[in-house]
Amino acid sequence: MSTLDEAGTYPLGNRTVKRLGYGAMQLAGPGVFGPPKDRDAALAVLRAAVAAGVNHIDTSDFYGPHITNQLVREALAPYPDDLTIVTKIGARRGSDASWLPAYAPEELTQAVHDNLRNLGLDVLEVVNLRIMFDTHGPAEGAIEPFLAPLARLQRQGLVRHIGLSNVTPAQVAEGRRICEIVCVQNHYNLAHRADDALIDALGRAGIAYVPFFPLGGFSPLQSSTLSDVARKLHATPMQVALAWLLRRAPNILLIPGTSSVAHLHENLAAAALQLPDEAMQALNGIVARA
């Protein structure tokens, strides 16, 4: 049994994945734009992740753009049978590295084909539709005009399963009336817990919740409580933050990103970190002070 097995597994579509995976976003250049500074190092991280037992990789063709998917293909194709690659559509990159909505049916169709081509796949296992009414977080608004074209691509056999990203509970409910939703990918971590009720509701429905920025994103989590718990457990604060998420709910799947093999192994070691009840209680209080 590998270290990752200690965190357990959870269904993702018709696959079962280990709860600690890998997010490829940081493999692109600064600002998730352009090529990496060290292409060989980026390839090494992907190969090290799979060698360590990771079977859930999150990516997108708008990372780079195109860069991370091309790296994933170069590093890992032909893909292991148990590897689940999850991608997302609904955005594009401006020439100035800006993040722009890309919701028109032809844009969504092009995005699916771009992901297929750059990953070297015939069908995408899971595609998350990212909603960008507000780039700073979920905002209400009907998603049927954007989700329906993706559902049509699913019926054509280009997409096996569909997820949602950057959405409200009302939008999740709307999406589930249109097609099966296998996962929700929103901003959530130890200090940013607006989705507590949504996570529990999704768990009751057997739907995976995949937090992005599980370690705080571009501004890493900072907390004296977190540091104190980590010190007592002889772990790093980031390992504790990941372990807290794994214990928070069984339907949480983690995809921490890094461009460093050493940092990758540090993150994956969180799968074996056991948090005692008193540590959980202390960590649960961080949100009130965030």
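Author: Axes here are lines fitted to C-alpha atoms, for helices over the stretch in contact, with angles from 0 to 180 degrees between N-to-C directions. The model is predicted: local features need pLDDT of at least 70, side-chain atom pairs count only at pLDDT 80 or more, and totals for chains, interfaces and linings use all residues. Residues are numbered from 1 along each chain as its sequence is written, and side-chain values use heavy atoms, without hydrogens and water.

Reader: How do you know that the axes of helix α2 and helix α3 cross at roughly 35°?

Author: Helices are DSSP runs of H or I of at least four residues, and strands are E runs of at least two, numbered from the N terminus. The fitted axes of α2 (residues 67–76) and α3 (residues 105–119) come within 8 Å and cross at that angle.

Reader: Which residues in α2 and α3 meet?

Author: Contact means heavy atoms within 4.5 Å. N69, Q70, V72 and R73 in α2 meet N115, R117, N118 and L119 in α3.

Reader: What makes β3 and strand β4 a pair?

Author: Two strands pair if DSSP finds at least two bridges between them. β3 and β4 (residues 56–58) have two bridges, in the parallel sense, and therefore satisfy the definition. G23 stands opposite D58 in β4.

Reader: Why is one side of β3 and of β11 left without a neighbour in the sheet?

Author: The open sheet has seven strands in the order β3-β4-β5-β8-β9-β10-β11, with parallel pairing. β3 (22–23) and β11 (208–209) stand at its edges, each with a single partner strand, so one side of each has no neighbour in the sheet.
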